[in-house]
Amino acid sequence: MTVRAAGGLVWRRFRGIDQILVVHRPAYDDWSLPKGKLEDDEPEWVAAVREVHEETSLTCELGADLGTISYRDSLGRPKVVRYWQMPAPPGQRAQATNEVDDLRWLRVDEAVALLSYGHDRGVVRRLQAPPATGETVTIDLVRHAKAGDRTLWTEPDGIRPLTSAGRAQADGIAKRLADAPIAKLLSSPLVRCVQTVAPLAELRDLSVQAEHRLIEGADPVEAFRFLAEQTGHGPVVACTHGDVMMLGIERLLDDGVRLRGSKVEYKKGCTWRLTVLDGTYTSARYVAPPKRR
């Protein structure tokens with residue numbers, strides 16, 4: 001049986017130098033990244049935040065999803081660990097707790113040299129330093145792909161799935177964004193949105209973070225404000241509904257955000273590529289849904 005765990009690549013910029021937090025576990029006499037096993041049906045991201053707090057006393061927020069690593073534990077069992085980059089919270093001091101007796105803030109090269117395991121060194125190399133002030137960051141805002149007819153659906157609307165045409169669109173979206181930089185993958189929690197970005201999540205080994213601020217009927221002003229805030233971690237892909245997308249884009253254009261290209265449409269499976277500079281939207285461009293082949 002596969003052991004599942006989660007942890008954090010805790011990061012800070014100290015006097016202009018990027019540093020990583022590493023921990024020492026006396027039970028194994030090793031240096032590693034803070035992590036631990038999931039409890040029962042605990043979501044991976046919850047376990048990651050909990051384990052980092054238990055081992056370092058830091059209460060961190062999730063940054064970029066760094067994907068998973070796989071190896072065999074000391075008992076020979078297959079183990080899969082998902083890591084998130086986590087910015088060190090201002091004003092909190094890291095302290096060794098629980099199963100940890102020492103910890104150190106180290107430069108990236110120093111951390112790579114000290115860590116006991118190659119798989120941990122690989123995670124450190126995935127560090128995505130937040131954009132510096134003055135750097136433009138992208139948001140690919142996707143409208144969910146084609147779903148079943150709402151008027152014919154007899155079950156709760158939240159579980160209405162994609163049609164075969166919608167699944168083909170979802171595959172096309174994944175191929176389109178296969179090589180795009182992505183720090184966060186967000187989605188409305190409704191099934192048709194989650195299914196739209198599921199192929200991309202699988203292709204890129206990312207987790208989909210459900211976000212109620214993107215749900216149908218949500219406040220578009222709040223949704224777009226939230227998305228802009230997320231670019232502090234790097235490029236974002238997010239899936240939402242037609243009403244949130246349309247009202248939010250129209251407001252941006254009314255506020256003078258530059259429209260790149262001439263089309264203003266909101267077809268299912270489409271994408272609006274938005275650029276953000278220091279938390280402010282600067283441009284918007286419509287990208288048509290993938291064509292079915």
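Trainee: What covers the buried residues of helix α6?

Mentor: In this predicted model, the cover over the buried residues of α6 includes strands β8 (136-143), β9 (184-187), β11 (236-240), β13 (271-277) and β14 (280-287), together with helix α7 (242-254). The helix itself spans residues 220-230, and its buried residues are P220, A223, F224, F226, L227, A228 and Q230.

Trainee: What makes the contact at the start of α6 a polar contact?

Mentor: A side-chain oxygen of D219 comes to within 3.0 Å of the backbone nitrogen of V221. A polar contact requires a pair of N or O atoms within 3.5 Å, and this oxygen and nitrogen, within 3.0 Å of each other, therefore meet that distance limit.

Trainee: Why is the set around F224 and L227 called a nonpolar core?

Mentor: The term is used for buried residues of certain types, Phe, Leu, Ile, Trp and Tyr among them, that are joined through side-chain atoms within 4.5 Å. The largest such core has 25 residues, and those with the most contacts inside it are F224, L227, I249, W272, L274 and Y281. At least two residues of this core come from each of β8, α6, β11, α7, β13 and β14, and α6 gives the largest share, 5 residues.

Trainee: Which residues is Y281 in contact with, once its neighbours within four places in sequence are left aside?

Mentor: Y281 is in contact with I139, F224, L227, A228, L252, V257, L274, T275 and V276. Apart from this core there is a second, separate one of 21 residues, which includes L66, I69, V112 and L115.

Trainee: What makes β10 and β12 edge strands?

Mentor: The sheet they belong to is open, with 7 strands in the order β10-β9-β11-β8-β13-β14-β12 and mixed pairing. Strands β10 (209-210) and β12 (258-260) each have a single partner strand, so each keeps one side without a neighbour in the sheet, and for this reason they stand at the edges.

Trainee: How do you know that β12 and β14 count as paired?

Mentor: Two strands pair if DSSP finds at least two bridges between them, and β12 is joined to β14 by 3 bridges, the two strands running parallel; the condition is therefore met. Within this arrangement, R260 stands opposite R285 in β14. Helix α5 (residues 191-204) also packs on the sheet, where it touches β8, β9 and β11, and its direction makes about 160 degrees with that of β9.

Trainee: Why is strand β6 described as largely enclosed?

Mentor: Strand β6 covers residues 78-87, and 8 of its 10 residues are buried, so the rest of the structure largely encloses it. Strand β1 (residues 3-14) pairs with β6 in the parallel sense over 9 bridges, with A5 standing opposite V81. Strand β5 (residues 65-72) is joined to β6 by 6 bridges in an antiparallel arrangement, in which T68 stands opposite R82. The two strands β5 and β6 form a hairpin with 5 residues between them, and G76 in the turn has a positive phi of about 85 degrees.

Trainee: Which strands does β1 pair with in the antiparallel sense?

Mentor: Strand β1 is joined to β4 by 3 antiparallel bridges, and the bridge partner of A5 in β4 is K37. Strand β1 also pairs with β2 in the antiparallel sense over 4 bridges, where W11 stands opposite I20.

Trainee: Why is D29 called exposed?

Mentor: The word applies to residues over 50% relative accessible area, and D29 is therefore exposed, at 61%. D29 is found in the loop between β2 (17-25) and β3 (30-32), and its phi is near 50 degrees, a positive value in a residue other than glycine. D40 is also exposed, with a relative accessible area of 78%. The place of D40 is the loop between β4 (35-37) and α1 (44-56), and the phi of D40, again in a residue other than glycine, is positive and near 50 degrees.

Trainee: How do you know whether C270 is in a disulfide or in none?

Mentor: A disulfide needs two cysteine sulfur atoms within 2.5 Å. The cysteine sulfur nearest to C270, that of C239, is 9.8 Å away, and C270 is therefore in no disulfide. The structure as a whole holds 0 disulfides.

Trainee: Are C60 and C270 buried or exposed?

Mentor: The limit for a buried residue is under 20% relative accessible area. C60, at 6%, is therefore buried, and C270, at 0%, is buried as well.

How values were computed. Residues are numbered from 1 along each chain as its sequence is written. This is a predicted model: local features need pLDDT of at least 70, side-chain atom pairs count only at pLDDT 80 or more; totals for chains, interfaces and linings use all residues. Side-chain values use heavy atoms; hydrogens and water are left out. Buried means under 20% relative accessible area, exposed over 50%, partly exposed in between (1.4 Å probe, protein chains only). Contact means heavy atoms within 4.5 Å. A polar contact is a pair of N or O atoms within 3.5 Å; within protein, one must be able to donate a hydrogen and the other to accept it, and residues adjacent in sequence count only if both atoms are side-chain atoms. Axes are lines fitted to C-alpha atoms, for helices over the stretch in contact, and angles run from 0 to 180 degrees between N-to-C directions.
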